Amino acid sequence: MFSRKLLCCLLLGTLGTVALARAADPLPQLHAYQVEDKWRTPVKPLRIAEHTWQIGTQGLTSLLLQTDAGALLIDGGMPQSAEHLLANLHALGLEPADLRLILMSHGHGDHAGPLAAIARATGAQVVSNAETAQLMARGGTHDIHFGDAIVYPPVHTDRLVHDGEKVTLGELQLQVHFVPGHTPGSMAWTWRDQRDGKLVDIAYVDSLTAPGYRLLGNPRYPRIVDDYRHTFATVRALPCDLLLTPHPDASGWVYGEHAQQKPAMDCRAYADNAEKQFDAQLSEQRQKLMAAQ
């Protein structure tokens with residue numbers, strides 16, 4: 001008969017062999033967040049208005065606003081865009097320290113990706129609302145819809161703003177408008193600038209899409225439909241002579257040798273188009289839910 005001690009040793013040896021065999025199996029492959037080429041294709045600084053420039057890529061908007069007290073950036077694009085943005089600052093005659101503020105539309109990695117690197121290189125203060133600040137502090141992890149699929153270096157927020165609050169830099173004053181839906185912390189920013197010799201109200205409005213989102217019975221975002229409805233109404237009412245969006249093609253913009261909006265689109269049309277798409281997506285999900293019952 002085996003002694004209890006010998007039996008234990010044999011069992012442990014067998015378990016160890018199994019563990020080693022299992023450990024020899026390859027670990028799961030990582031799947032990097034990949035995007036289309038135009039999101040990563042740099043453009044030179046493109047003038048939108050007298051003090052407003054697009055300095056991002058062909059497929060992602062990054063706005064630089066210049067004032068007599070320095071500059072501010074709204075959105076940065078993908079994480080790998082940091083050096084490109086700094087190069088475009090230099091192309092406009094600015095030093096890194098001239099960037100004073102960093103704002104954003106929302107905290108997904110294709111817009112907030114390089115903001116930590118930009119803040120570190122420039123010393124600029126990051127301004128956000130609480131929802132987006134939390135998402136950026138996590139580097140995009142635990143996202144309501146995407147989980148950990150779109151991650152980036154975490155961003156520290158220096159100033160929290162409330163809906164309707166104004167942010168001032170020199171002679172420039174921007175107002176934030178909360179437009180939850182695409183993310184709970186989505187924002188629009190409005191300000192005034194000169195364009196073609198005229199004073200215009202510019203609105204930079206976050207995405208209004210719901211790409212693959214669960215709109216019915218979403219335990220992480222129970223009031224998502226209500227938020228979208230509220231946002232569509234908010235966007236329609238914005239001061240909006242000129243509309244810009246994080247994804248330029250959503251508002252008719254093409255960033256090439258020049259920045260052109262063809263055809264022109266205002267905030268009302270942008271919200272109307274988005275609501276039609278949203279209603280179709282919501283109807284499809286309702287039909288599938290009814291069919292499954």
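**Briefing: sheets, helix contacts and a disulfide**

Cys240 and Cys267 are joined by a disulfide, with 2.2 Å from S to S. The structure is a predicted model. Besides this link, the points below cover an open sheet of seven strands, another open sheet of five strands, and two helix pairs, H6 with H7 and H2 with H4.

**The disulfide**

- A search of the whole structure turns up one disulfide.
- The link between Cys240 and Cys267 is right-handed, with 85° about the S-S bond.
- Distant parts of the chain are connected by this pair: Cys240 sits in the loop between H6 and E12, while Cys267 belongs to helix H7, and the two are 27 residues apart.
- In general terms, a disulfide is a covalent bond between the sulfur atoms of two cysteines.

**Helices H6 and H7**

- Helix H6 covers residues 224–236 and helix H7 covers residues 267–292; they pack at an angle of about 160°, and their axes are 8 Å apart.
- H6 is therefore roughly antiparallel to H7, since angles over 145 degrees fall in that class.
- The two helices, H6 and H7, cross in a left-handed sense.
- On the H6 side, the contact is made by Val225, Tyr228, Arg229, Phe232, Val235 and Arg236.
- H7 contributes Cys267, Arg268, Tyr270, Ala271, Asp272, Ala274, Glu275, Phe278, Asp279 and Leu282.
- Sorted by class, this contact of H6 with H7 holds 10 nonpolar and six charged residues, with no polar ones.
- Cys267 thus has two roles in this account: it is one of the H7 residues in the contact with H6, and it is joined to Cys240 by the disulfide.

**The seven-stranded sheet**

- Seven strands make up an open sheet with mixed pairing, in the order E1-E2-E3-E4-E5-E6-E7.
- Strand E1 (46–49) and strand E7 (159–160) are at the edges; each has a single partner strand, so one side of each lacks a neighbour in the sheet.
- Strand E3 (residues 63–67) and strand E4 (residues 70–74) run antiparallel and are joined by five bridges.
- Thr67 has Gly70 as its bridge partner in E4.
- Helix H4 (residues 115–122) lies across E4, strand E5 (99–103) and strand E6 (125–128), and runs at about 165° to E5.

**Helices H2 and H4**

- H4 also packs with helix H2 (residues 82–91): their axes come within 9 Å and cross at roughly 45°.
- This angle makes H2 oblique to H4.
- The crossing of H2 and H4 is right-handed.
- Ala82, Leu85 and Leu86 of H2 meet Ala117, Ile118, Ala121 and Thr122 of H4 in the contact.
- Six nonpolar residues and one polar residue make up the contact of H2 with H4, and no charged residue takes part.

**The five-stranded sheet**

- Another open sheet has five strands in the order E8-E9-E10-E11-E12, and its pairing is mixed.
- Strand E8 (166–169) and strand E12 (242–244) are its edge strands, each pairing on one side only.
- On average, neighbouring strands of this sheet are turned by 25° against each other, direction ignored.
- E8 runs antiparallel to strand E9 (residues 172–178), and four bridges join them.
- Opposite Val167 stands Leu174 in E9.
- E12 also marks one end of the loop that holds Cys240, which lies between H6 and E12.

Conventions: Residues are numbered from 1 along each chain as its sequence is written. This is a predicted model: local features need pLDDT of at least 70, side-chain atom pairs count only at pLDDT 80 or more; totals for chains, interfaces and linings use all residues. Side-chain values use heavy atoms; hydrogens and water are left out. Axes are lines fitted to C-alpha atoms, for helices over the stretch in contact, and angles run from 0 to 180 degrees between N-to-C directions. Angles under 35 degrees count as roughly parallel, over 145 as roughly antiparallel, 65 to 115 as roughly perpendicular and the rest as oblique. A crossing is left-handed if the near helix is turned anticlockwise from the far one by less than a right angle, and right-handed if clockwise. Contact means heavy atoms within 4.5 Å. Ala, Val, Leu, Ile, Met, Phe, Trp, Tyr, Cys and Pro count as nonpolar, Asp, Glu, Lys and Arg as charged, and the others, Gly among them, as polar. Two strands pair if DSSP finds at least two bridges between them. A disulfide is a pair of cysteine sulfur atoms within 2.5 Å.
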